[in-house]
Structures are given as structure tokens and as C-alpha cells.
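Colleague: Hi! I'm new to this one and would love a quick tour. Can you pull it up and walk me through it?

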Amino acid sequence: MSDDKRPAKAKAGGRAAAGKNTPAPPRQQTLKFRTDNLKSSYCNMANVTSTREEVALNFGVNQNWDQPGAAPGPLEVDVQHRVILSPFAAKRLSDALGQLVRDYEQRYGPLG
């Protein structure tokens, strides 16, 4: 008995064993971002809520962030955007943000 790891020889009929030990080549897919309707805005506040079926990300602007001596009371945040994701998409976003922060801290130092 031989431990030969060479590909299988052609079987009768002149064909090699189809699909055996030969993985399909990976599909190359191109991702193109369309930015025709893109709107950018500044946000200094984020809030996250969820249910079993969805995760809601709220983004807004806290106008009182630089006023530490402001009178006590509720802070008002102008919520400008809400993005609703499936839990699966939220997990992918979490992984991507985690990697981004790790890369940032490696380049520029730890964040507070």
C-alpha cells in the first residue's frame, strides 16, 4: 500500500473523478458603493436599543457637551438619524468597529 498523495488518475472512460478532493474556486465578487444619495452629518452621541428581531442605532448631537457648568436638569439631544439592523448585521458591525478601534489604538495609542 502506498502513501502517494498525487491526484487520482483517470478512470475508465477517460475522466478523472469529478468534484472529489477538488474544492470549487472561490467566487470573485466586486463591491461598488453608490454615493449618489449620500448625506454626511456630525454626531457626538449614539444610543442603542434592541428587541429580539432588530437593533436600533440612534445618532444625534448633544448641544450641551461643552457646558459643564450648565444648570442641572435633563440634557437635550437632537436625534438626527436612526439605523435599524438585524441582529446578524449588528454583530458584523460590532466586529468591524472592534477591529477599527484596535487598528486605531495600535497606530495612535489607547483611547480613554
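**A first walk through the fold**

Modeller: Happy to! The protein chain has one helix and three strands as its secondary structure. Please keep in mind that this is a predicted model.

Colleague: Thanks! What pattern does the protein chain follow along the sequence?

Modeller: Going along the sequence, the pattern is β-β-β-α.

Colleague: And how are the three strands ordered in the sheet?

Modeller: The order is S1-S2-S3, in an open sheet with antiparallel pairing. S1 and S3 are at the edges and each has a single partner strand, so one side of each has no neighbour in the sheet. From one strand to the next, the twist averages 20°.

Colleague: How many bridges join S1 to S2?

Modeller: Six bridges link strand S1, residues 45-50, to S2, and the two run antiparallel. The connection between S1 and S2 is a hairpin through four residues.

Colleague: And between S2 and S3, how many bridges are there?

Modeller: Eight bridges join S2 to strand S3, which covers residues 77-85, and that pairing is antiparallel too.

Colleague: Could you give me a residue to click on? Which residue of S2 stands opposite methionine 45?

Modeller: Try glycine 60 in S2, which stands opposite methionine 45. Towards S3, the bridge partner of glycine 60 is valine 79. Another pair to look at is valine 55, which stands opposite leucine 85 in S3.

Colleague: Nice. Is strand S2 largely enclosed or open?

Modeller: Strand S2, residues 55-62, has seven of its eight residues buried, so the rest of the structure largely encloses it. One residue to check there is asparagine 62, which is found in S2. Asparagine 62 has a relative accessible area of 15%, under the 20% cut-off, so it counts as buried.

Colleague: What is asparagine 62 in contact with?

Modeller: Apart from neighbours within four places in sequence, asparagine 62 is in contact with Asn44, Leu75, Glu76 and Val77.

Colleague: Switching topic: where does H1 lie?

Modeller: H1 lies across S2 and S3, and runs at about 110° to S3. The helix covers residues 87-108.

Colleague: Which residues form the largest nonpolar core?

Modeller: There are five: Val55, Leu57, Leu85, Ala89 and Ala90. S2 and H1 are the elements that give two or more residues to this core. As background, nonpolar side chains tend to be buried together in soluble globular proteins.

Colleague: Leucine 85 has come up twice now. What does leucine 85 touch?

Modeller: Leaving out residues up to four places away in sequence, leucine 85 touches Glu53, Glu54, Val55, Leu57, Ala90 and Leu93.

Colleague: And what about proline 87, where does that lie?

Modeller: Proline 87 lies in helix H1. With a relative accessibility of 34%, proline 87 is partly exposed. Again setting aside residues up to four places away in sequence, proline 87 touches Arg52, Glu53, Glu54 and Val55.

Colleague: How many residues apart in sequence are proline 87 and valine 55?

Modeller: They are 32 residues apart in sequence, while their C-alpha atoms are 6.1 Å apart in space.

Colleague: What share of the contacts comes from residues 24 or more positions apart?

Modeller: Among contacts in the protein chain with a separation of 6 or more, 37% are between residues 24 or more positions apart.

Colleague: Now the aromatics. How many aromatic pairs does a search of the whole structure find?

Modeller: The search finds one aromatic pair. Tyrosine 104 and tyrosine 108 have ring centres 4.8 Å apart and planes at 50°, so this pair is tilted. Both tyrosines lie in helix H1, four residues apart, which is about one turn of the helix.

Colleague: Is tyrosine 108 buried or exposed?

Modeller: Tyrosine 108 is exposed, at a relative accessible area of 56%. Tyrosine 104 counts as partly exposed, with 37% relative accessibility.

Colleague: Last one, about the whole chain. What percentage of the 112 residues is buried?

Modeller: Buried residues come to 11% of the 112 residues in the protein chain. The chain exposes about 10900 Å², and carbon and sulfur atoms supply 54% of that area.

Colleague: Great, thanks for the tour!

Notes
Residues numbered from 1 in each chain as written. Predicted model: local features only at pLDDT ≥ 70, side-chain atom pairs only at ≥ 80, totals over all residues. Heavy atoms only, no water. Phe/Tyr/Trp six-rings, centres within 6.5 Å; stacked < 30°, edge-to-face > 60°. Buried < 20%, exposed > 50% of the residue type's maximum accessible area, 1.4 Å probe, protein only. Pairing = 2+ DSSP bridges. Contact = heavy atoms within 4.5 Å. Areas by Shrake-Rupley, 256 points an atom, 1.4 Å probe, with all protein chains shown as cover. Core = buried A, V, L, I, M, F, W, Y, C linked by side-chain atoms within 4.5 Å. Axes fitted to C-alpha atoms, helices over the stretch in contact; angles between N-to-C directions.
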